[in-house]
Amino acid sequence: MERRKALKWSLIGGGGGVGALVFGGGGTVAYLYNEAKVDTVGKVDFDSPLAVPPLAESEQDSSGARVFTLEAQSGETEFRSGAATRTWGLNGSYLGPTIRAKRGEEVAFAIGNGLDEETSIHWHGMHLPAVMDGGPHQAVSPGETWTPQWTVNQPAATLWYHPHPHGRTAEHVYRGLAGMFIVDDDESESLNLPGEYGVDDVPLIVQDRKFDDGNQFDDSGAFLSSQGVLGDHILVNGTIGPYFEVGTRLVRLRLLNGSNSRLYNFGFSDDRPFHLIATDGGLLPEAHETERIELSPGERAEIVVAFEPGETVELRSYPAEEGYVFGLGRFNGADDRFDVVQFRAAGSLTDETEIPASMGTAPDLEGADVAEERSFKLSGTSINGEKMAMDRIDFGVREGSVEVWEVSNNDGYLHNFHVHDVQYQVLSVDDETPPPHLRGWKDTVRLIPQRKYRLAMRFSDYTDPNLPYMYHCHLLTHEDQGMMGQFVVLGEGEEIGTVPRTSSAHDHS
Ligand SMILES: [Cu+2]
């Protein structure tokens with residue numbers, strides 16, 4: 001282990017020496033460089049139907065809230081031939097059901113922890129009170145039940161949920177705790193987009209995994225990588241080598257990068273164009289036609305793709321377009337290529353949906369009065385040189401104010417930036433208008449090294465001087481190692497308080 005570390009630092013620290021080391025002819029490093037590339041294109045037997053997570057059931061309680069029950073549990077899952085894999089899931093052995101709720105609805109959850117260690121469930125992308133956020137201060141002990149409740153009040157979007165326990169997020173997500181959370185609203189329901197869940201509106205939770213010789217998940221960091229685990233098998237909704245039978249001309253795919261540290265560059269095997277219709281926080285004002293969409297861990301995109309009767313085409317992940325300092329990309333997955341899902345179109349396809357000319361609402365924070373500007377430099381496993389501390393609130397923001405945060409990645413590999421509670425507008429990237437895929441609402445943005453991302457966000461309500469929201473890199477190893485900070489939303493005249501020593505908001509049952 002120590003030897004690996006030394007080799008890694010000699011590579012990274014070498015600066016101009018990296019190229020010489022890598023391409024210097026023969027030698028161990030050149031061999032390792034070649035071995036580091038993963039390419040599964042043409043090698044995947046698409047012999048399993050794509051699993052589609054069930055929609056979670058709910059019951060109305062006496063107050064009118066819709067109550068969902070989720071139980072974190074351990075189990076075994078058969079991903080491939082041979083031994084079953086020990087996994088975790090919610091209401092099942094791997095992943096969890098899809099939660100679906102409409103703007104304006106009161107939702108309530110009973111989150112049970114049937115594991116033998118503390119966990120939590122964070123609602124990624126959701127605007128809600130800090131005490132309901134499910135971050136590291138809302139840990140749920142084994143045998144206990146946590147009961148968050150809030151009113152969904154944000155535009156239709158593809159969100160997700162996953163654990164966020166202090167220092168343990170990577171392992172909990174890797175074992176299988178995650179699920180999708182779809183928000184609908186009146187506007188989205190009035191559009192004629194493909195919208196039949198599991199038929200022409202399909203969730204795709206994309207995760208990479210490594211298996212050891214006994215078919216168990218291996219979460220050891222990739223050799224020479226600075227990003228943590230990089231798997232050589234792709235699971236989509238927990239299915240390896242999935243195919244999906246298409247019965248409609250247009251299909252909407254809700255893509256979620258649910259991986260710990262891998263960047264995907266999605267596109268089709270024949271390079272057909274498709275339409276990007278939504279990003280993290282909801283529908284774009286109008287669809288953007290493209291052939292590729294890159295997603296870093298935690299990011300989502302909704303795309304609509306058109307099929308011809310009788311055809312077969314694969315969704316792939318292609319090598320990253322840019323964003324790695326020379327030589328580092330290879331060891332951090334940037335050159336990898338994967339077959340992801342095969343789509344098999346029926347001999348005749350129904351054709352009743354469309355991509356409307358106008359869909360969501362454009363972000364509107366450009367030109368807003370800015371109460372505060374802040375700067376965040378991500379490097380190694382720190383933000384502005386500091387690591388996360390549970391009892392340190394890094395700053396407070398004012399209720400109702402708009403802030404602009406300038407964020408940059410000072411390393412040569414992948415980081416991204418996620419902010420809890422809000423969706424933000426990417427105002428600019430290196431002072432230029434952001435590319436089309438960053439023009440909608442976002443809660444997680446990939447940081448290409450050495451570029452300045454200016455993010456505008458409004459903190460509209462839910463003040464709490466004592467309980468913080470998180471901002472962090474969503475590469476889960478980095479997050480666990482401390483690349484995270486905490487802020488509180490303050491009402492008028494309020495001062496930053498003190499994080500309660502036991503801030504878990506769980507019920508004892
Ligand atoms: Cu990072």
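This passage walks through a copper site, aromatic contacts, two sheets and the open and closed spaces of one predicted model.

The model is a prediction, with local features needing pLDDT of at least 70, side-chain atom pairs counting only at pLDDT 80 or more, and totals for chains, interfaces and linings using all residues. Residue numbers start from 1 along each chain as its sequence is written, and side-chain values rest on heavy atoms, with hydrogens and water left out.

The copper ion is a handy place to start. Its protein donors are H415 (ND1), C473 (SG) and H478 (ND1), which lie 2.0 to 2.1 Å from the ion. Donors here are N, O and S atoms within 2.8 Å of the metal (3.2 Å for Na, K and Ca), and as water is not among the atoms, sites may look incomplete. Along the sequence, the donor residues follow the spacing H-x57-C-x4-H. H415 belongs to strand 28 (residues 415-419), while C473 sits in the loop between strand 32 (469-472) and helix 7 (476-481), so this pair links distant parts of the chain, 58 residues apart. Helices (H or I, at least four residues) and strands (E, at least two) are DSSP runs, numbered from the N terminus. H415 and C473 are both buried; buried means under 20% relative accessible area, exposed over 50% and partly exposed in between (1.4 Å probe, protein chains only).

The same two strands turn up again among the aromatic contacts. F417 and Y471 make a tilted aromatic pair, with 6.1 Å from centre to centre and 45° between the planes. Rings of Phe, Tyr and Trp (its six-membered ring) pair if their centres lie within 6.5 Å; planes under 30 degrees apart count as stacked, over 60 as edge-to-face and the rest as tilted. Since F417 lies in strand 28 and Y471 in strand 32, the pair ties together parts that are 54 residues apart in sequence. Both F417 and Y471 are buried. They also belong to one aromatic cluster, made up of F376, F395, W405, F417, F459, Y469, Y471 and F487.

By the ring rule the count comes to 35 aromatic pairs. In one of these, the rings of W123 and Y161 have centres 5.9 Å apart and planes at 50°, so the pair is tilted. Distant parts of the chain are linked here too: W123 is in strand 7 (residues 122-124) and Y161 in strand 10 (residues 157-162), 38 residues apart. W123 counts as buried at 1% relative accessibility, and Y161 is buried at 0%.

R209 lies over two rings. It is found over the face of Y174, at 4.2 Å from the ring centre, and its charged end also sits over the ring of F217, 5.3 Å from the centre. For such a contact, NZ of Lys or CZ of Arg has to be within 6 Å of the ring centre and within 35 degrees of the ring normal.

Turning to the sheets, an open one of six strands has the order 1-15-23-22-17-20, with mixed pairing. Two strands pair if DSSP finds at least two bridges between them. Strand 1 and strand 20 (293-295) stand at the edges with a single partner strand each, so one side of each is left without a neighbour in the sheet. Strand 15 (residues 242-248) is mostly covered, with five of its seven residues buried. Strand 15 pairs in the parallel sense with strand 1 (residues 48-49) over two bridges, and S48 stands opposite P242. Five bridges join strand 15 to strand 23 (residues 338-350), also parallel, with V246 opposite A345. Strand 22 (residues 312-317) runs antiparallel to strand 23 over six bridges, and there L315 has V341 as its bridge partner.

Another open sheet, of five strands, has the order 25-24-27-31-29, again with mixed pairing. Strand 27 (residues 402-409) and strand 31 (residues 453-458) run antiparallel and are joined by six bridges. W405, a member of the aromatic cluster, has L455 in strand 31 as its bridge partner.

As for empty space, the structure holds three cavities of 30 Å³ or more. The largest cavity has about 80 Å³ of space; among its 15 lining residues, R262, L263, Y264, G333 and A334 lie nearest its centre. On a 1 Å grid over the protein atoms alone, a cavity is a set of points where a 1.4 Å probe fits but cannot get out, and lining residues have an atom within 4 Å of a point. Grid points are joined across faces, edges and corners, and a volume is the space filled by probe spheres set on the points.

Key:
On a 1 Å grid over the protein atoms alone, a cavity is a set of points where a 1.4 Å probe fits but cannot get out, and a pocket is an open set with protein on both sides within 12 Å along at least five of seven lines; lining residues have an atom within 4 Å of a point.
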